[in-house]
Amino acid sequence: MLPVVVVHGGAGHIPKERSELSTSGVTSAVRAGYAVLRGGGSSMDAVVEAVTYLENNPAFNAGCGSVLNVKGDVEMDAFVMEGKTLGSGAVSAVRNIANPIQLARLVMDKTSHLCLTAEGAKQFARSMGVPEVPQESLITEYSRMRWRKNLAPDANPVECQMGKMGTVGAVAVDSQGNVACATSTGGILNKMEGRVGDTPCIGCGGYADNMVGAVSTTGHGEAIMKVVLAKHILYQMEQGQSVEAASDLGLACMKFRAAGLGGVITVDPQGHWAARFSSRQMAWAAAQKDTLHYGLYEGENFTQSIDVQH
């Protein structure tokens with residue numbers, strides 16, 4: 001069963017003309033993460049590699065391609081956690097960083113803290129030699145178009161969220177049975193300056209524990225935080241639920257208690273995995289036993305050899 005890696009490209013509504021970009025993006029990212037595991041790398045190495053791949057892909061709302069806040073700026077959040085020691089690191093409201101997920105890992109590896117924010121995260125990045133990039137390099141025409149559209153006085157916020165390629169994430173189990181998760185996002189469209197969502201909050205945007213499993217979440221951040229979604233799912237697994245059932249129960253709780261839709265990817269230390277969502281779509285992909293699995297709509301699970309480029 002081991003190793004295994006699963007990625008998501010965000011829950012929401014993906015317009016038809018962008019669905020192919022989304023599917024090819026997650027399958028490429030899962031290949032990158034699986035190559036790390038096949039080469040003997042750790043689950044943490046694999047999830048950071050996969051999410052870096054997604055941050056570098058302008059089709060997703062993370063890194064280059066992040067949605068813009070109300071002022072038209074990029075502010076990004078990211079989180080990593082490994083299940084052996086519960087080591088974790090996060091950054092919030094960061095700008096001018098191409099790969100926030102790598103900065104989150106540095107917070108985990110190089111500090112005694114769990115989360116650094118805004119200016120503090122920027123100073124830390126400089127001290128670690130992380131290069132700064134111009135904000136323009138992170139903003140796509142698509143993001144700017146949607147930001148402008150949402151500023152119009154007659155804008156329909158529901159319609160404006162359509163086409164939102166949400167938060168990206170990955171979970172993995174390596175051949176030693178260690179689990180890890182990584183989640184990264186540009187947040188929600190036209191958010192207030194300084195808004196921090198679920199992604200960098202431990203137990204919300206993700207959680208990893210070798211005793212139970214690992215989860216990465218996507219969807220409406222405020223709703224995810226209200227039910228502490230990632231930890232909620234792992235609690236269900238501790239009660240004996242399967243990865244699929246636990247994921248569905250967590251999403252149902254969020255819908256019922258917080259009126260929020262979203263999606264999750266979940267693994268347990270034995271290599272069982274699930275990609276579940278209550279939203280209209282979620283681009284996801286998984287790699288296990290040299291087989292690639294992927295889907296976009298409910299019930300889809302296409303497969304091919306991991307070595308065959310689609």
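**Notes on the sheet and the annotated site**

1. Let's start with a small piece: G197 sits in the loop that links strand 6 and strand 7. Keep in mind that this is a predicted model. Is G197 buried or exposed? It counts as buried, because its relative accessibility is 2%, and the cut-off for buried is under 20%. Setting aside residues within four places in sequence, G197 touches D77 and M225.

2. R195 is found in that loop too, between strand 6 (179-185) and strand 7 (206-209). R195 has a relative accessibility of 13%, so R195 counts as buried. Which residues does R195 contact, once neighbours within four places in sequence are left out? They are E75, G187, I188, G221 and E222.

3. Both residues turn up in a UniProt record: the unreviewed entry has a "binding site" annotation covering R195, V196, G197, D198, T218, G219, H220 and G221. Of these, R195, G197, D198, G219 and G221 are included in the lining of the largest cavity. It's worth finding G221 on screen, as G221 is also among the contacts of R195.

4. Now for the sheet. It is an open one with 9 strands, in the order 4-3-2-6-5-1-11-12-13, and its pairing is mixed. The edges are strand 4 (115-117) and strand 13, each of which pairs on one side only. On average, neighbouring strands are turned by 10 degrees against each other, direction ignored.

5. Two helices to look at next. Helix 3 (residues 100-110) packs on the sheet and touches strand 2 (76-82), strand 3 (88-94), strand 4 and strand 6. The direction of helix 3 makes about 135 degrees with that of strand 3. Helix 4 (residues 118-127) lies across strand 3 and strand 4, and runs at about 105 degrees to strand 4.

6. A quick reminder: strands of a sheet pair through backbone hydrogen bonds, either parallel or antiparallel. Strand 1 (residues 4-12) and strand 5 (residues 168-173) take the antiparallel option, over 5 bridges. If you want one pair to look for, V5 has A172 in strand 5 as its bridge partner.

7. Finally, have a look at strand 12 (residues 291-295) and strand 13 (residues 302-305), which pair in the antiparallel sense over 4 bridges. Which residue of strand 13 stands opposite H293? That one is T303. The two strands form a hairpin with 6 residues between them. In the turn, G299 has a positive phi of about 85 degrees.

Terms used. Residues are numbered from 1 along each chain as its sequence is written. This is a predicted model: local features need pLDDT of at least 70, side-chain atom pairs count only at pLDDT 80 or more; totals for chains, interfaces and linings use all residues. Side-chain values use heavy atoms; hydrogens and water are left out. UniProt positions are given in the numbering used here, feature names are shortened, and annotations may be inferred rather than shown by experiment. On a 1 Å grid over the protein atoms alone, a cavity is a set of points where a 1.4 Å probe fits but cannot get out, and a pocket is an open set with protein on both sides within 12 Å along at least five of seven lines; lining residues have an atom within 4 Å of a point. Buried means under 20% relative accessible area, exposed over 50%, partly exposed in between (1.4 Å probe, protein chains only). Contact means heavy atoms within 4.5 Å. Two strands pair if DSSP finds at least two bridges between them. Axes are lines fitted to C-alpha atoms, for helices over the stretch in contact, and angles run from 0 to 180 degrees between N-to-C directions.
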